[in-house]
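I opened the notebook today to look up how the aromatic rings are placed and what sits over them. Entries follow in the order in which I checked them.

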Amino acid sequence: MKKRNNYNVMLAMFIALIIVQTTVPIIGNIPFGPLSITIIPITVIVSAILMGPKFGGIVGFTWGFITFIRAYWWPTSPLAAIVLVNPVISIIPRTLIGIVVGFLYLKLKKKYNSKILLSAMGILGSLINTVIFLSLIYVFYSNQSFQLYHIDSSSMLPFLLGVAGTNGVIEMIVSGLVVPFVVKPLQKIVK
C-alpha cells in the first residue's frame, strides 16, 4: 500500500513537471541554433524507469494530451496548429515512450542493471518519440507537404529524415547522457 501511495505522489510530481515543461517557454525545449531540442521525453523516460510502464504511459499520455489541447489554443508553431491537432500524432508517440521504456526496463534491469542500461533506455525513449512522431507526420500529411513545409511531396521524406538526423540525434544523445544521472539518485530515494 505504501509503495502505491509513493507512486501516486511521484505520478503527480511527474505530471506537474510535464505541465511546466509544456507551458513555460524554454523549460521543455532548448533552443540550439536553428533547432529546438525537446527534453520532455526525458521526464517520461525517467518516470517509466522509476514506476513502470503503466505510470510511464500515463505521464507520456499527459504530455501528448497537453500537446494536443495546446495545438488548438496556444500552438507552439504554425505547424503545430496543423499537425498536432491530430491526436494520433500528438498522443500516441508520447504514450508509447512510457509504455515501451517501462516494459523493457522491467525485463532487463535484473540482468543489466547499470548506467549503460539507463543510457540505452534514454536513447530508446527519444528514438521512439522521433521515429513514430515523424513517421506519423509522413503517413498523415505527406500529401500536404507544400502547405506544411513549402516543399513538394517528393521532398517530404528526405526533409523528415533530415529532421531526424539533426534534432533526433541530438535529443537521443542528450537523453542517453542525462537519464542515468537523473535516475540513479532517484532510485536510491524511491527504494
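I began with the charged end of lysine 54 and found that it sits over the ring of phenylalanine 55, 5.4 Å from the ring centre. I note here that the model is predicted, and I read every value below with that in mind.

I then looked for a second contact of this kind and found arginine 94, which lies over the face of tryptophan 63 at 4.1 Å from the ring centre.

Next I turned to rings against rings, where the count comes to four aromatic pairs. One of them joins phenylalanine 55, the ring under lysine 54, to tyrosine 7, in an edge-to-face arrangement with 5.5 Å centre to centre and 75° between the planes. I checked where the partners lie, and this pair links distant parts of the chain, since tyrosine 7 belongs to helix α1 (residues 2-23) and phenylalanine 55 to helix α3 (residues 53-73), 48 residues apart. Both tyrosine 7 and phenylalanine 55 are buried.

I also looked up phenylalanine 61 and phenylalanine 65, whose ring centres are 5.8 Å apart and whose planes meet at 15°; the pair is therefore stacked, because planes under 30 degrees apart count as such. Along the chain these two residues are four apart in helix α3, which means that about one helical turn separates them.

Are phenylalanine 61 and phenylalanine 65 buried or exposed? I found phenylalanine 61 partly exposed, with a relative accessible area of 39%, and phenylalanine 65 likewise counts as partly exposed, at 38% relative accessibility.

Notes: Residues are numbered from 1 along each chain as its sequence is written. This is a predicted model: local features need pLDDT of at least 70, side-chain atom pairs count only at pLDDT 80 or more; totals for chains, interfaces and linings use all residues. Side-chain values use heavy atoms; hydrogens and water are left out. Rings of Phe, Tyr and Trp (its six-membered ring) pair if their centres lie within 6.5 Å; planes under 30 degrees apart count as stacked, over 60 as edge-to-face and the rest as tilted. Buried means under 20% relative accessible area, exposed over 50%, partly exposed in between (1.4 Å probe, protein chains only). A charge sits over a ring if NZ of Lys or CZ of Arg is within 6 Å of the ring centre and within 35 degrees of the ring normal.
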